[in-house]
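Visitor: I am new to this structure and would like a close look at one part of it. Could you take me through that part slowly and then show me how it sits among its surroundings?

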2 protein chains.
Amino acid sequence: MVAPSRPSPRAEAEVRLTDSLFAPGAHLPDTAAVHDWVAGMSRRVWMRTQRAALDELDGWVREPGTGFLRHHTGRFFSVEAVTVERPDAAVPSWQQPIINQPEIGILGILVREIDGVLHCLMQAKQEPGNPDCGVQLSPTVQATRSNYTGVHKGRAIPYLEYFREPLGRSVLVDTRQSEQGAWFYRKRNRNMVVEVGDDVEAIDGFCWLTLRQLADLLSVPELINMDTRTVLACLPGGGAHWAASVASRSEDDFVAALARSADPAAPSRHTTDEVLSWITEARTRTELRVERTALRGLAGWRVADDVITHHSGRFFSVVGVHVRAGGREVGAWSQPMIEPVGVGVIAFLVKEFDGVLHVLTQARTEPGYADVVELAPTVQCAPDNYDVLPEGARPRFLDAVLRPERIRFDTVLSEEGGRFLGARNRYLIVEADVEVADDDPEYRWLTLAQYDELLRHSFYVNIQARSLVLCLRSLAVR
Amino acid sequence: MVAPSRPSPRAEAEVRLTDSLFAPGAHLPDTAAVHDWVAGMSRRVWMRTQRAALDELDGWVREPGTGFLRHHTGRFFSVEAVTVERPDAAVPSWQQPIINQPEIGILGILVREIDGVLHCLMQAKQEPGNPDCGVQLSPTVQATRSNYTGVHKGRAIPYLEYFREPLGRSVLVDTRQSEQGAWFYRKRNRNMVVEVGDDVEAIDGFCWLTLRQLADLLSVPELINMDTRTVLACLPGGGAHWAASVASRSEDDFVAALARSADPAAPSRHTTDEVLSWITEARTRTELRVERTALRGLAGWRVADDVITHHSGRFFSVVGVHVRAGGREVGAWSQPMIEPVGVGVIAFLVKEFDGVLHVLTQARTEPGYADVVELAPTVQCAPDNYDVLPEGARPRFLDAVLRPERIRFDTVLSEEGGRFLGARNRYLIVEADVEVADDDPEYRWLTLAQYDELLRHSFYVNIQARSLVLCLRSLAVR
């Protein structure tokens with residue numbers, strides 16, 4: 001006998017997460033209270049980042065021969081260099097510095113019910129690369145293996161045990177995801193969401209927020225940090241119940257199309273098998289060779305003792321910083337960071353087909369991807385860089401994004417402040433009536449339900465697209 | 001408006017594939033006719049494999065320094081060596097030769113309807129490593145990139161165009177999958193099934209077979225080759241219709257439990273999200289370092305000019321062969337091959353939970369995997385090798401397999417004859433009432449429906465488990 005069918009655990013989670021998307025907070029009741037709390041934390045914890053020459057960073061050494069910049073313990077990360085070859089691309093080969101951080105870190109958010117509604121445990125955290133070293137809302141735990149095996153000799157990481165021993169707990173998200181493939185060599189983090197019981201309390205520096213509150217806060221510039229965005233994006237953010245609930249609470253046509261997009265039963269422009277085949281085709285077709293090469297003498301770059309910059313002044317620099325901080329595991333340290341040039345543009349073009357909102361998705365290759373190609377936003381670039389690149393390298397659809405017909409989301413958000421100094425991108429969601437051939441090798445129209453399915457697995461959706469998926473879902477409650 | 005729901009393309013494919021699983025063949029009507037056809041092909045095409053010293057292989061050279069064995073063109077594959085470190089394993093480090101074949105080849109099967117039933121276009125093909133160089137049933141196309149870009153200077157590959165330009169055709173399977181991670185360094189092939197119209201005919205050396213016929217032939221020793229098995233395993237092989245059809249045609253309790261196992265709505269021991277989390281945990285936890293190292297002076301191995309063998313006489317050897325053939329693209333060539341020692345055992349233990357058959361699945365690490373861990377059979381080993389390994393390395397459940405309670409499938413099948421000389425494994429499916437803790441780090445009970453879902457994606461299920469999934473599905477029509 002087959003047991004009678006009942007809602008799957010995933011469907012149950014979708015219902016509870018949908019409830020959280022419509023619920024005010026029980027801990028900090030409204031947005032003003034959250035801002036007050038963040039402001040209070042910003043006054044109490046502090047961090048100062050001071051630029052320093054690369055050859056003056058305590059604990060960092062140049063590897064003989066390669067010139068790679070490493071911590072003397074061999075842990076944390078190193079600044080290395082690669083030669084990249086893509087025979088079919090507009091720029092068929094180049095060299096660049098890249099960060100190698102082979103450990104798989106944990107990005108974890110705890111959730112628990114308060115008054116019957118799921119709340120996420122967020123941390124007020126500063127990072128050296130944040131604008132003015134401000135506090136951002138970060139995951140409950142944000143830890144490299146070096147962190148949690150005590151290489152720092154710092155304090156124990158609060159709540160870490162719930163993620164290191166997840167077996168037997170209710171695990172809502174557990175997947176490895178990549179980070180910026182242009183700056184990181186195959187970096188992967190384990191994105192986790194784990195549910196705990198009501199015996200778990202927020203200690204000082206942490207607060208419980210509903211998905212509704214987090215959706216609202218996403219439109220505040222640079223407040224929700226990158227790690228929070230990637231973890232939240234991996235939560236089931238759709239399903240039939242989500243779609244019906246969103247549709248029933250809004251009269252807005254755009255929201256209605258968005259709701260349908262998150263419903264796996266709604267028609268999609270391409271079947272999921274066709275999307276998977278397109279990814280297989282792109283990963284098979286694209287020739288990408290990435291070889292590690294010496295950092296000294298890198299073509300196109302000025303590799304000096306104090307700083308590494310591109311001859312054109314574009315792209316990014318590798319700089320050093322001294323950091324002093326209160327309220328963290330370690331009080332002072334030095335480290336190299338990547339400092340990008342200019343503010344980037346990261347945009348989804350969206351369009352309705354049969355009343356269902358679809359997202360124009362790019363199959364993108366970056367040197368640091370573990371698997372050649374990931375799904376990326378329609379446009380992902382720093383527009384200034386294209387002044388020094390061949391015409392063919394100019395991103396498609398950039399003009400449609402910069403002269404948009406209808407802007408649905410437009411907020412500057414920052415990238416990971418632990419490795420990037422002042423890395424900021426303008427995140428845009430724009431309705432535009434562009435036409436793309438059904439068999440275009442580089443672009444496909446995907447629904448939110450298809451993103452939802454792909455995000456159960458590793459390395460399909462890149463970090464920028466994950467942020468935008470979260471932004472798009474947040475529009476359901478505007 | 002959401003369009004009315006209709007069967008998804010995948011559900012439609014499941015119905016048509018189920019029909020093919022119950023249909024006699026229209027081209028070669030019964031098993032006897034297939035055997036006659038294979039026997040006829042074996043008389044007409046021929047191949048002779050003659051052992052040769054590695055240093056006497058035409059076109060193959062040793063790379064200075066490393067001693068890697070390469071083709072002088074730099075194409076095809078090379079025999080290299082790796083140092084493997086797994087700090088937590090019973091054998092924490094070793095060195096071994098390994099084949100590096102970085103090109104992504106195509107393994108493709110064409111399907112078309114004959115009398116309304118899907119038939120697969122199979123090729124009678126010999127490979128130098130086949131037992132007695134016999135003919136096996138191979139995919140329509142089995143081609144490395146070197147093959148199809150003409151490095152061989154051989155004849156054009158029939159039917160290749162349908163796989164190289166699949167866009168716009170009905171693509172039933174399109175995923176990259178790994179091969180033996182113990183012998184190949186990150187080898188991946190693109191597994192494809194493409195449907196064509198009735199204008200496509202079987203040329204000489206090819207025949208159309210239904211899934212029913214292929215299921216029957218799977219129990220014939222060494223007839224269905226490895227590449228056919230991996231491609232067929234990636235076809236949707238379940239779903240509600242499949243489960244109901246199988247259940248309605250059999251009175252057998254085992255078949256009934258098997259049918260339920262293929263139904264995504266039937267209860268499973270672990271949810272799919274739990275299974276994915278377990279894989280993430282294993283891929284995060286397992287420390288595996290694989291570094292390429294010189295082939296000369298490899299610890300534990302006798303690397304001679306003529307042959308490479310392990311000092312213990314176990315595991316495998318690297319040998320050379322001269323091949324002469326009729327009826328193929330190229331008439332004569334030389335190449336190195338891997339010759340394993342002994343016949344392996346590859347087994348699924350299966351057991352019912354709530355009337356649903358589950359398969360005991362191992363999270364296995366092999367040095368050549370692209371992503372550390374893949375799902376493997378309950379037991380996968382060459383039992384003789386364990387005489388020279390520490391007690392802790394002896395595979396769990398090997399005794400349950402070798403003294404089985406109830407054998408459901410037991411056939412010797414061979415591995416890829418293009419690279420392996422006489423590689424044969426005993427494939428077993430065995431019912432056994434073993435107990436495994438729910439949180440065992442290395443094993444989980446999976447349903448066939450869960451395998452079906454994982455096989456839509458790359459690198460979850462290893463090549464041995466893919467073969468066994470196909471064998472298990474074939475029991476539905478015994």
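Guide: What follows is a walk that begins at one residue and then moves outward to other parts.

Please keep in mind that this is a predicted model. Let us begin with Asn189(A), which lies in strand E11, residues 188-195 of chain A. Is Asn189(A) buried or exposed? With a relative accessible area of 6%, Asn189(A) is buried, because buried means under 20%.

Now look at what surrounds Asn189(A). Setting aside the neighbours within four places in sequence, Asn189(A) is in contact with Ile104(A), Gly105(A), Ile106(A) and Leu107(A). Its list of contacts also includes Thr175(A), Arg176(A), Gln177(A) and Glu179(A). The chain brings distant stretches of sequence into this picture: Glu103(A) is 86 residues from Asn189(A) along the chain, and their C-alpha atoms are separated by 8.2 Å.

One of those contacts, Ile104(A), deserves a stop of its own. You will find Ile104(A) in the loop between strand E5 (93-100) and strand E6 (105-114) of chain A. Ile104(A) is buried too, with a relative accessible area of 9%. Which residues does Ile104(A) touch, not counting residues up to four places away in sequence? Within chain A they are Tyr148(A), Arg176(A), Arg188(A), Asn189(A) and Arg190(A), and from chain B come Arg283(B) and Thr284(B). For another view of sequence and space, take Ile104(A) and Thr18(A): they are 86 residues apart in sequence, and 30 Å lies between their C-alpha atoms.

Since Ile104(A) touches residues of chain B, this is a good moment to see how the two chains are related. A turn of 180 degrees, with a shift of 0.0 Å along the axis, lays chain B on chain A with an RMSD of 0.0 Å. The two copies are thus related as by a two-fold rotation axis. The same surface serves both copies, as 97% of the contact residues of chain B recur in chain A.

Back in chain A, let us visit another loop. His270(A) has its place between helix H8 (253-261) and helix H9 (272-285). His270(A) counts as buried, at 6% relative accessibility. Beyond the neighbours within four places in sequence, His270(A) is in contact with Val275(A), Asp438(A), Arg444(A), Trp445(A) and Gln450(A).

Next come two pairs of packed helices. In chain A, helix H6 (residues 226-234) and helix H12 (residues 463-474) pack at an angle of about 70 degrees, with their axes 8 Å apart. H6(A) and H12(A) are therefore roughly perpendicular to each other, and H6(A) passes H12(A) in a left-handed crossing. From H6(A), the residues Met226(A), Arg229(A), Thr230(A), Leu232(A), Ala233(A) and Cys234(A) meet Ile463(A), Arg466(A), Ser467(A), Leu470(A) and Arg473(A) of H12(A). The residues of this contact divide into 6 nonpolar, 2 polar and 3 charged.

The other pair is in chain B, where the axes of helix H1 (residues 9-21) and helix H7 (residues 240-248) come within 8 Å and cross at roughly 25 degrees. H1(B) and H7(B) are therefore roughly parallel to each other, and H1(B) passes H7(B) in a right-handed crossing. Here Glu14(B), Val15(B), Thr18(B), Asp19(B) and Leu21(B) of H1(B) meet His241(B), Trp242(B) and Ser245(B) of H7(B). This contact has 3 nonpolar, 3 polar and 2 charged residues.

Terms used:
Residues are numbered from 1 along each chain as its sequence is written. Chains are lettered from A and ligands numbered from 1 in the order in which they are written. This is a predicted model: local features need pLDDT of at least 70, side-chain atom pairs count only at pLDDT 80 or more; totals for chains, interfaces and linings use all residues. Side-chain values use heavy atoms; hydrogens and water are left out. Copies are superposed by least squares on the C-alpha atoms of residues with pLDDT of at least 70 in both. Contact means heavy atoms within 4.5 Å. Axes are lines fitted to C-alpha atoms, for helices over the stretch in contact, and angles run from 0 to 180 degrees between N-to-C directions. Helices (H or I, at least four residues) and strands (E, at least two) are DSSP runs, numbered from the N terminus. Angles under 35 degrees count as roughly parallel, over 145 as roughly antiparallel, 65 to 115 as roughly perpendicular and the rest as oblique. A crossing is left-handed if the near helix is turned anticlockwise from the far one by less than a right angle, and right-handed if clockwise. Ala, Val, Leu, Ile, Met, Phe, Trp, Tyr, Cys and Pro count as nonpolar, Asp, Glu, Lys and Arg as charged, and the others, Gly among them, as polar. Buried means under 20% relative accessible area, exposed over 50%, partly exposed in between (1.4 Å probe, protein chains only).
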